[in-house]
Amino acid sequence: MNMKTSHAKLFPLLFILLNSAWSIASSSISESFVQCLSSHIQNSNSSNEIILTRTSSAYPSVLESSIQNLRFSNNSTPKPETIITPFDESHVQAAVICSKKNGLQIRSRSGGHDYEGLSYVSRAPFIIIDLFNLRSIDVDIENESAWVKSGATLGEVYYSIAQKSKVYGFPAATCPTVGVGGHISGGGIGTMFRKYGLASDNVIDARIVDVNGRILDRKSMGEELFWAIRGGGGSSFGVILAWKLRLVPVPLTVTVCHITKTKEQGATKLLLKWQNIADKLPEELFIRPVIRSGDKTITVEFGSVFLGPVEKLFHLMQENFPQLSLGRSHCTEMSWIQSVLDFAGYSIHESLEILLKRRQFSIIFKAKSDFVTEPISEAGLEGLWQRLVEANTSFMILTPYGGKMSEISDSETAFPHRRGNIYEIQYMVVWDDGKDTEKYVGFMRRLYAYMAPYVSKSPRAAYLNYRDLDLGRNNNGNTSYAQASIWGLKYFKNNFRKLVHVKTLVDPGNFFRNEQSIPVFSSGRK
């Protein structure tokens, strides 16, 4: 037998042996973790409901229940050793303590909307803490606040507020199935943020389990950590248990309008005009274009929410944007909670209970984000149209800035994208067959490359809640400040250094980590 043949036969055998050894070690760690966790849970009868191992009958359904991006729902996607479904905050404490003791990574999941699946996927052995049982909401209208547990969805928050009042709301995103734990910790852009700021700007207290298994509130965690988890992402610092939210006043009547124009009907000229006024309009008015490709043309839907009656809106539109030719047939007066239904894609006559659904749809998709600080030229838009029609399932959402967002300092919280932005872009492409992933991800990368001259620079900024691993990723272990800066400065700009400082203080061993978690300073560097 020659040497090459010998090696060729040895390699598969070596792989099988190594894989077998890893499986045995993994099983041993998993068993040790389960024993540790069981010893911390007082009622042993409920432990089978809380601790789901790979042999548990509920494991597959719970794992799949909140995978919102089906790109991460296949046989090759790494699976957790165990899923923890806590019914009590003490169960989260125990999961952190036992994971740390056994060298397992933690992925905490509220609604499962992380665009790159980082709330339920890891390259290292890991557990999922799925918070869906911790979703109670306590609305206090008298004090204009609400305590919301992390496993609640935005739809559940909006529903709970509407049950208590018609004149209060909360400024967060339009998708009702998004979990509050991740959404608020990443910032939280919504239809009222020009009036009231981000979801995270309206947080007045929080509860978090830290690396030592302690439950901290705003007072005990200190203002630096409280600053970091509002816009810097919670998963780098611990497991967010709950937020105390400031409710905001809304009028009894709001006006929602939708008008769609094709490229042939002058959509390009209308977008050019919108770019020049979007961030300068009164803060009560939010006009959001959604650009879609299909049937060899481009359509732009201008959807708007105005916090007031239709007559006042028409006066403002005549004054600022008469070119849109908005008429009565395009607009409907409704309550604020009905506007939530409308922007979520539901009929305004639908029962509010539909907001309690934890899953609206699941698709395969790839997304990216940008911030625009100067209007894109007509030639730039025409070039964009040519590229968008390459994929009929692609779309772009343009979210107008200005108003309150221009008044809040970039360093007020960890979320840095404030003054100077005209609008934010979310790019998305969806597809049906997992075999086409490479094709559509390639399309998205080419589209993003085309847009480089037209968007923010140094850094080319990005929004954490539209996570994009193309921007860069950490090593499996510790990552240097310089390496993490490649993606960190895009999400956090000048706030990144302070986030690393806070991370080094509260989690110096870098236990809470993922592909885009905040790193720690190496010893000697601050």
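Here is a friendly set of questions and answers about the predicted model shown above.

Visitor: What average pLDDT does the chain have?
Guide: Welcome! This is a predicted model, and pLDDT is the predictor's confidence in each residue, from 0 to 100. In this chain, 94% of the residues score at least 70. The average over the chain is a pLDDT of 93.

Visitor: Over which residues is the pLDDT below 50?
Guide: Where pLDDT is low, the predicted coordinates should not be read in detail. One such stretch has two contacts in the model beyond near neighbours in sequence. The pLDDT is below 50 over residues 1-6.

Visitor: How many helices and strands does the chain have?
Guide: As you follow the chain, you will meet both kinds of element. The C-alpha trace they belong to spans about 80 × 65 × 50 Å along its principal axes. The count for the chain is 16 helices and 18 strands.

Visitor: What radius of gyration does the chain have, and what would a compact globule have?
Guide: The comparison starts from the chain length, which is 526 residues. A compact globule with that many residues would have a radius of gyration near 24 Å. The chain agrees with this, because its own radius of gyration is 24 Å.

Visitor: What share of the contacts between residues at least 6 apart in sequence join residues at least 24 apart?
Guide: Here we look at contacts in the chain and leave out pairs that are fewer than 6 apart in sequence. Among the contacts that remain, the share joining residues at least 24 apart is 73%.

Visitor: What percentage of the residues count as buried?
Guide: A residue is called buried when its relative accessible area is under 20%. On the outside, the chain exposes about 21900 Å², with carbon and sulfur atoms supplying 52% of it. Of the 526 residues, the share that count as buried is 57%.

Visitor: Why is helix α5 described as largely enclosed by the rest of the structure?
Guide: Helix α5 covers residues 154-164, which makes 11 residues. Those that are buried include Y158, Y159 and I161. The helix is described as largely enclosed because the number of buried residues is nine of the 11.

Visitor: Which elements do the buried residues of α12 pack against?
Guide: Seven of the eight residues of α12 are buried, so this helix is largely enclosed by the rest of the structure. Among them are W336, L341 and F343. Just after α12, G345 takes a positive phi of about 95°. The elements that the buried residues of α12 pack against are α5, β7, β12, β13, β14 and β15.

Visitor: Is L131 buried or exposed?
Guide: L131 is found in the loop between β4 and β5. Its contacts, not counting residues up to four places away in sequence, include P86, V92, V239 and I240. With a relative accessible area of 2%, which is under the 20% cut-off, L131 is buried.

Visitor: Which residues does E283 touch, not counting residues up to four places away in sequence?
Guide: E283 has its place in the loop between α10 and β13. At 25% relative accessibility, E283 counts as partly exposed. Its C-alpha is 23 Å from that of A162, which is 121 residues apart from it in sequence. The residues that E283 touches are R194, K195, G403, K404 and E407.

Visitor: Which peptide bond is cis, with omega near 0°?
Guide: Most residues other than glycine have a negative phi, and most peptide bonds are trans. S458 lies in the loop between α14 and α15, and its phi is near 50°, a positive value. P459 is found in that loop between α14 and α15 too. The cis peptide bond runs from S458 to P459.

Visitor: Is S458 buried or exposed?
Guide: To count as exposed, a residue needs a relative accessible area over 50%. S458 has 77% relative accessibility, so it counts as exposed.

Visitor: What is the phi of K493?
Guide: K493 has its place in the loop between α15 and α16. At 27% relative accessibility, K493 counts as partly exposed. Its phi is positive although K493 is a residue other than glycine, and the value is near 50°.

Visitor: How far apart are the mean positions of the positive and negative charges?
Guide: The chain has 58 positive and 49 negative charges. Taking the mean position of each group, the separation is 6 Å.

Conventions: Residues numbered from 1 in each chain as written. Predicted model: local features only at pLDDT ≥ 70, side-chain atom pairs only at ≥ 80, totals over all residues. Heavy atoms only, no water. Helix = DSSP H or I, 4+ residues; strand = E, 2+ residues; numbered from the N terminus. Rg over C-alpha atoms; globule rule 2.2 N^0.38 Å. Buried < 20%, exposed > 50% of the residue type's maximum accessible area, 1.4 Å probe, protein only. Contact = heavy atoms within 4.5 Å. Areas by Shrake-Rupley, 256 points an atom, 1.4 Å probe, with all protein chains shown as cover. Lys, Arg positive; Asp, Glu negative; His and termini not counted. Charge placed at Lys NZ, Arg CZ, Asp CG, Glu CD.
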